[in-house]
Amino acid sequence: MANIIKRPGWNLPENLVTPEAAFLNRRRFLREAGFATAGLLSASLIGCSRPADGAPADPPAKGGTPAASGPTTRGYPAARNSDFNPGWPLSNEKVAANYNNFYEFSTSKSAVAKLVGKFTTTPWPLKISGLVGKPLEIDAQELIDQMTLEERVYRFRCVEAWAMIVPWTGFPLAKLIEKVQPQAGAKFLRFETFNRPEQAPGLASLHDYPWPYTEGLRLEEAMNPLAMVVTGIYGKPLPKQHGAPLRIIVPWKYGYKSAKSIVKIEFVDKQPATLWETINPREYPFESNVNPRVPHPRWSQATERMIDTDDRVPTQMFNGYAKYVESLYPKA
Ligand code: MTE
């Protein structure tokens, strides 16, 4: 019988999952995906590895003054929304800041924080276009200043079967959607990340990825109260490696649905192509809700590993957020 470690609201049995070493069959995966070229073969493609001791998180700006390359700390720390304040122990901030999936920089999680130095996040024009009554072009900081920031403690679950519990700062995505007034024909949102190879070495070296990073949600999913536009973490503006200055968080879905450093949101009538679905639709389908009963070909999804303690935790349907989202998926 596996060890069971109790955490408030989250049981942690150990050793129930396929060892990490079993997950990578890169060549087969890439062959199937039709990407068997040098660039992609050298990549680890959403692969798990233990965090290495790396550079510390990007330091936040000092109170109220503009950071050299990031937004101001005005509004931080934001008041915690009591509806999303479950009292779970938070994951270690430094571990989270040095264990990042951000392929624009590197496929190595521990390398990302060390490679974001040249990445500039101010100014940061955000464009919202497509099937909306009020298209918007606005600098990220101006948008942040217009919104009421709040903090929410969420579970975050990567398809690679690692997980963390972090306090995100931001505002409901629904508030931004209301601002631009979607037209009747708008059915999906398409998110697009920056594409500046001179600032992001992964963009320059991983030639065969269908850059820029794109993701998408159904409009009803994006309107769900859980969906956030995130501007900060651990009470400070987002460090670059976590997706400064604006990213999406949809905690009931696998982590790749939460696009980082977005520059564009487009409202469209058809399901948009996404980077990971384009690479391998079988392994990274558009919907991608956390579901312990549906194993990924390379990762059992029955349990997950907490990034800082290595505790094993049973994975919950919709990552524990069923009461908020199950009505969106009648057959789940
Ligand atoms: N967004 C962009 N632009 N590029 C990426 O490579 N990786 C995704 C997601 N958003 C990714 C991205 C994946 S696979 C995960 S698990 C999360 O970001 C990781 O977020 P974190 O590094 O802040 O924990």
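## Close-up views of a predicted model

The structure holds two cavities of 30 Å³ or more. This is a predicted model. The views below start with the cavities, move to the ligand, and end in the loops.

**View 1. The largest cavity is the space taken by the ligand.** About 280 Å³ of space lies in this largest cavity. Its lining counts 22 residues. Nearest the centre of the cavity lie N101, F102, R247, G255 and K260. By class, the lining of the largest cavity has 13 nonpolar residues, six polar ones and three charged ones.

**View 2. A shell of 19 residues surrounds the ligand.** Look for the closest of these: Y103, E104, H242, R247 and K260. R247 and K260 also appear in View 1, among the residues nearest the centre of the largest cavity. Sorted by class, the shell around the ligand consists of ten nonpolar, six polar and three charged residues.

**View 3. Side chains of E104, T193 and H242 make polar contacts with the ligand.** Start with E104: one of its polar side-chain atoms lies 2.8 Å from a nitrogen atom of the ligand. Next comes T193. An N or O atom in the T193 side chain is 3.1 Å from a ligand nitrogen atom. At H242 the ligand partner is an oxygen atom, and the distance to an N or O atom of the H242 side chain is 2.8 Å. How much of the ligand's exposed area does the protein bury? Taken alone, the ligand exposes 530 Å², and the protein buries 100% of that.

**View 4. T122 and P123 are joined by a cis peptide bond.** The omega angle here is about -10°. P123 sits in a loop. On one side of that loop is helix α4 (109–112), and on the other is strand β3 (125–130).

**View 5. Another cis peptide bond links W211 to P212.** Omega is about -5° at this bond. Where is P212 found? P212 lies in the loop between α7 (201–205) and β8 (214–218).

**View 6. Y234 has a positive phi, although Y234 is not a glycine.** The phi angle of Y234 is about 50°. Y234 belongs to the loop between two strands, β9 (228–233) and β10 (236–237).

Key: Residues are numbered from 1 along each chain as its sequence is written. This is a predicted model: local features need pLDDT of at least 70, side-chain atom pairs count only at pLDDT 80 or more; totals for chains, interfaces and linings use all residues. Side-chain values use heavy atoms; hydrogens and water are left out. A residue is near a molecule or strand if one of its heavy atoms lies within 4 Å of it. A polar contact is a pair of N or O atoms within 3.5 Å; within protein, one must be able to donate a hydrogen and the other to accept it, and residues adjacent in sequence count only if both atoms are side-chain atoms. Accessible areas come from the Shrake-Rupley method with a 1.4 Å probe; for residues, only the protein chains shown count as cover. On a 1 Å grid over the protein atoms alone, a cavity is a set of points where a 1.4 Å probe fits but cannot get out, and a pocket is an open set with protein on both sides within 12 Å along at least five of seven lines; lining residues have an atom within 4 Å of a point. A molecule sits in a cavity or pocket if more than half of its atoms lie within 2 Å of its grid points. Ala, Val, Leu, Ile, Met, Phe, Trp, Tyr, Cys and Pro count as nonpolar, Asp, Glu, Lys and Arg as charged, and the others, Gly among them, as polar. Grid points are joined across faces, edges and corners, and a volume is the space filled by probe spheres set on the points. Helices (H or I, at least four residues) and strands (E, at least two) are DSSP runs, numbered from the N terminus.
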